[in-house]
Amino acid sequence: MTSPYPLDEARLNNPQRFADDDLPEGSVIDCAAAQLPIDEAYDFVVIGSGASGAVAAHELTSAGFSVAIAEEGPYVRTREFKKEVGSAFLKLFRDGSFQALEGRVFMPVIQGRCVGGTTVVNSAIAWRTPEDVVDEWATQFGLGDAITMRALEPHFEALEHDLNVHAVVDEVLGGNNALFMKQAGAVGLYPTRIKRYERGCKGSSQCLTGCPTAAKQGMNVTYVPWTLALGGRLFCNYRVERIELAGGRAVGVIGSAQSRRDKGTIRLRAKRGVILAASTVQSPNILRRSGVCNRHLGQHFQTHPGCGMGAVLDQDINMYFGATQGAESIHLRASERIKFETISMNPELVPVRCPGLGVDLVRRIGNARHLAIWVTILRSQAEGTVSQGWTGRDRVVFSPTKRDMEHVRAGQVYLARMMFDAGAREVWPGIYGLPPVLTSPDQVKLVEEAPLEPRAYTFIASHLFGAARMARTATGGVVDTTFAVHGVPNLFVVDSSVFPTNLGVNPQHSIMAMSRLASHRIADAPPTLA
Ligand SMILES: Cc1cc2nc3c(=O)[nH]c(=O)nc-3n(C[C@H](O)[C@H](O)[C@H](O)COP(=O)(O)OP(=O)(O)OC[C@H]3O[C@@H](n4cnc5c(N)ncnc54)[C@H](O)[C@@H]3O)c2cc1C
Ligand code: SF4
């Protein structure tokens, strides 16, 4: 195998060394320990080192610009990843994973907060943007020929090459994924093995706590170290408070060090532009704190609520082996706005979804090797808002519509049926008002008649969109078709907050392709006047 990147080549030639072991000296400034204040100048400052930020930083560095990446979280190296969920969540996730939406639903919002962003903790699923979504943006949201499949295609191809995208192989399919493939195939859902960013996945089912072998091609072991190898610099444990605007231009970012008492001031000046890639919840609030005004800022937030279901079978499933998420079906994406996926949970998380108390609970936890978990992912129609609460905390308000709930319920009915067809002796619907354990296929009708009250369901939000959407004019959105904030020609937003809608498929690939497209346009554009 060959790689265009020297650091990656080092790992490929020696699997005992990871790309984040071999970073150029002085390329990482850990602001938790650095001497403060800091005041430096670069061509571009990129805020955020996740899917969108790492790709933008890499492309701009490759084009010959000096680039600084500002990242709020720490750089947790591959060698430091631990299976243990509690400490991993505290180190890698925003608010230790306790961030939640407000609204008529209980829905945690899960985001990474570390170098590599959410790609460090995600399942590495790669999906090109569906064509119908790009068409919808062109026609209903007026983007026309600004964002087309043709324009995105070379970026998908380059990313797929760099991050080694391919379908899960037999060796790491595992019982949970294999069972879904069989059952979903039997009911005509045309399941497929998931395509993922990975090199040599060992099937440890541990994607959520960071890949212990760097097989997962998250940004922490790919575009971030590759950027640093090309001369970029990373300021981690550095939270950007605001972007400095002067004379209608972005001139730099200002913020403070994390994880230390004396916060100090860190200013990174931007000679050519600022690239905002802090993710859907944070980017709109950074714009707001920086004085950007637009009536669409913080509006049109969308997500893909995910709702899981568990089943206990007689045979061993052993979901602790296999690709964390390895099988899926998008057959009902258009008609029901839902996608099905498998998911494996770390053992400590199983009790969270395990019904029963006392002896019952202990027995079920003890039988976890018989457990399969599948999920309905909803392309919801509801829109929410992102704002900043009076304590300074990010605030997301969102409530699914009745139609959204009908789609989720339809998905859960499918999953319950497939689980009983597979021979499940227990199905755990996770819907308040239903028995916590269903034991007979006749009881699927209880799921069919389940309440449509969103608070009765157990959701998670991990795919986030909108809140600074793209539109040709400032009356329609926050960002123009060059990815610049309307009225500030060198302040660019390149994450999924610019997406006019959600997608119905996993977003990382679309986010990276859009960011790559944006970066090429930014690199090719003449500098805006100082
Ligand atoms: C558990 C889980 C599994 C997922 N699985 C998949 C999957 O398999 N496939 C897929 O397509 N998608 C998946 N996703 C979603 C996907 O990971 C995200 O959509 C994607 O990473 C978002 O990219 P981003 O660049 O917008 O944000 P992120 O990747 O979250 O990066 C944003 C970065 O900005 C930093 N930041 C924020 N504010 C500031 C600030 N003020 N100053 C400095 N830095 C800041 C953050 O700390 C963070 O590191 C998953 C998500 C989760 C939570
Ligand atoms: S399942 Fe594969 S990619 Fe995920 S953590 Fe384990 S080895 Fe890494």
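In this predicted model, ligand 2 is surrounded by 15 residues, of which Cys 201, Ser 204, Cys 207, Cys 211 and Lys 216 come nearest. By class, the shell around ligand 2 holds six nonpolar, six polar and three charged residues.

Ligand 1 has 41 residues around it. Closest to ligand 1 are Gly 48, Gly 50, Gly 117, Asn 122 and Gln 508. Four elements each give two or more residues to this shell: α2 (51–62), β8, α8 (282–289) and α14. The shell around ligand 1 divides into 15 nonpolar, 21 polar and five charged residues.

Two of the elements that line ligand 1, α14 and β8, were examined further. Helix α14 covers residues 508–524. Its 17 residues should span 24 Å at 1.5 Å a residue, and the end C-alpha atoms are 24 Å apart, so the expected and computed spans agree. The helix is mostly covered, with 13 of the 17 residues of α14 buried.

Strand β8 (residues 238–246) runs antiparallel to strand β9 (residues 249–257). Eight bridges join the two strands. Ala 246 has Arg 249 of β9 as its bridge partner. Two residues lie between the strands of this hairpin. In the hairpin, Gly 247 takes a positive phi near 60°.

At the level of the whole protein, the domain assignment gives two discontinuous sets of segments. Domain 1 consists of 26–124, 127–162, 218–301 and 464–524. Domain 2 consists of 167–209, 305–378 and 399–460. The C-alpha centres of domain 1 and domain 2 lie 31 Å apart. Across the boundary, 18 residues of domain 1 are in contact with 23 residues of domain 2. The side of domain 1 that touches domain 2 comprises 11 nonpolar, four polar and three charged residues.

Gly 144 was considered separately. Gly 144 sits in the loop between α4 (131–139) and α5 (149–162). Gly 144 counts as exposed because it has 12 C-beta neighbours inside 10 Å, and a residue with 12 or fewer falls in that class. Gly 144 and Thr 342 are 198 residues apart along the chain. The C-alpha atoms of Gly 144 and Thr 342 are separated by 36 Å.

Note on methods:
Residues numbered from 1 in each chain as written. Chains lettered and ligands numbered in written order. Predicted model: local features only at pLDDT ≥ 70, side-chain atom pairs only at ≥ 80, totals over all residues. Near = placed C-beta within 6 Å. Nonpolar A, V, L, I, M, F, W, Y, C, P; charged D, E, K, R; others polar. Expected span 1.5 Å × (residues − 1). Buried ≥ 20, exposed ≤ 12 C-beta atoms within 10 Å, placed from the backbone. Pairing = 2+ DSSP bridges. Domains from an automatic or database assignment. Contact = placed C-beta atoms within 7 Å.
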